[in-house]
Amino acid sequence: MHVQSVSPDPRCTVILTNADFADAFRVDAVDPALGAFTAAQRMTRPLPWVSALLALRNLLVAPFGLKHGREPLPGGMTRLGIFPLLSESPERVVLGLDDKHLDFRLVIDAPGTGEVTGTTLVRTHNRLGRLYLRLVLPFHRLIVPRMMRQIGPESA
């Protein structure tokens, strides 16, 4: 399954205003009937090497009190993978987390055209957030396309 980098849809930027970073990746040739929730479920399935990187990340950021993805969620909220589910419609799922250093959103759009787009938005709050973003971006650019490949029918 081919994953391509695309420009983020400007309509996504209202989901996290004043974002300091935005990127998007798209896969096509998926079942046009595939809904955003199913795409998000497939996308957020754990990948062993990503889980190992996240475990290392959690050890490194523990002294700074950053969230690790296992915190209890407010009543009624659920997770897809490690990501809290913020909103859901048949064509769009928004996952995300607000922390003291940055807020992020992962927007999965599946408009019924056979394409699924995953848009990442990040708004930093302070120097720690800007440093953290700079350090994780190389990993982000490897991880998100691999997550997007899981959406395809061969990985269902």
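**Exercise 1. Strand pairing**

Strand 4 and strand 5 pair in the antiparallel sense over three bridges. For this predicted model, determine how many residues separate the two strands of that hairpin, and which residue of strand 5 is the bridge partner of Leu85.

*Solution.* Step 1: the hairpin formed by strand 4 and strand 5 has three residues between its strands. Step 2: Leu85 has Leu95 as its bridge partner in strand 5.

**Exercise 2. From the hairpin to the sheet**

Establish how many bridges join strand 5 to strand 6, and state the strand order of the open sheet.

*Solution.* Step 1: strand 5 and strand 6 run antiparallel and are joined by seven bridges. Step 2: two of the partnerships can be named, with Val93 facing Ile108 of strand 6 as its bridge partner and Val94 having Val107 of strand 6. Step 3: these two strands also form a hairpin, with three residues between them. Step 4: the open sheet consists of seven strands in the order 1-2-7-6-5-4-3, with antiparallel pairing. Step 5: its edges are strand 1 (3-6) and strand 3 (79-80), each of which pairs on one side only.

**Exercise 3. Salt bridges between strands**

Identify the parts of the chain that are tied together by the pair Arg92 and Asp109, and do likewise for Arg123 and Asp103.

*Solution.* Step 1: a search of the whole structure yields five salt bridges. Step 2: one of them joins the side chains of Arg92 and Asp109, at 2.6 Å from N to O. Step 3: Arg92 belongs to strand 5 (residues 92-98) and Asp109 to strand 6 (residues 102-109), so this pair ties together parts that are 17 residues apart in sequence. Step 4: Arg92 is partly exposed at 24% relative accessible area, whereas Asp109 is buried at 14%. Step 5: Arg123 forms a salt bridge with Asp103, and their closest N and O atoms are 2.9 Å apart. Step 6: Arg123 is in strand 7 (residues 116-124) and Asp103 in strand 6, so the pair ties together parts that are 20 residues apart in sequence. Step 7: Asp103 is buried, with a relative accessible area of 5%.

**Exercise 4. An aromatic pair**

Classify the geometry of the rings of Phe83 and Phe104, and decide whether Phe83 and Phe104 are buried or exposed.

*Solution.* Step 1: the count comes to one aromatic pair. Step 2: the ring centres of Phe83 and Phe104 lie 5.8 Å apart with the planes at 70°, so the pair is edge-to-face; the cut-off for that class is over 60 degrees. Step 3: Phe83 is in strand 4 (residues 83-88) and Phe104 in strand 6, so the pair ties together parts that are 21 residues apart in sequence. Step 4: buried means under 20% relative accessible area; Phe83 is therefore buried at 15%, and Phe104 is buried at 17%.

**Exercise 5. A pocket and its lining**

Determine the volume of the second largest pocket and the class make-up of its lining.

*Solution.* Step 1: the second largest pocket holds about 180 Å³ of space. Step 2: it is lined by 13 residues, and those closest to its centre are Asp9, Arg11, Asp109, Pro111 and Thr117. Step 3: by class, three lining residues are nonpolar, three are polar and seven are charged. Step 4: Asp9 and Arg11 also meet through their side chains in a salt bridge of 2.6 Å, N to O. Step 5: Asp9 is partly exposed at 24% relative accessibility, while Arg11 is exposed, its relative accessible area being 61%.

Key
Residues are numbered from 1 along each chain as its sequence is written. This is a predicted model: local features need pLDDT of at least 70, side-chain atom pairs count only at pLDDT 80 or more; totals for chains, interfaces and linings use all residues. Side-chain values use heavy atoms; hydrogens and water are left out. A salt bridge is a side-chain nitrogen of Lys or Arg within 4 Å of a carboxyl oxygen of Asp or Glu. Buried means under 20% relative accessible area, exposed over 50%, partly exposed in between (1.4 Å probe, protein chains only). Helices (H or I, at least four residues) and strands (E, at least two) are DSSP runs, numbered from the N terminus. Rings of Phe, Tyr and Trp (its six-membered ring) pair if their centres lie within 6.5 Å; planes under 30 degrees apart count as stacked, over 60 as edge-to-face and the rest as tilted. On a 1 Å grid over the protein atoms alone, a cavity is a set of points where a 1.4 Å probe fits but cannot get out, and a pocket is an open set with protein on both sides within 12 Å along at least five of seven lines; lining residues have an atom within 4 Å of a point. Grid points are joined across faces, edges and corners, and a volume is the space filled by probe spheres set on the points. Ala, Val, Leu, Ile, Met, Phe, Trp, Tyr, Cys and Pro count as nonpolar, Asp, Glu, Lys and Arg as charged, and the others, Gly among them, as polar. Two strands pair if DSSP finds at least two bridges between them.
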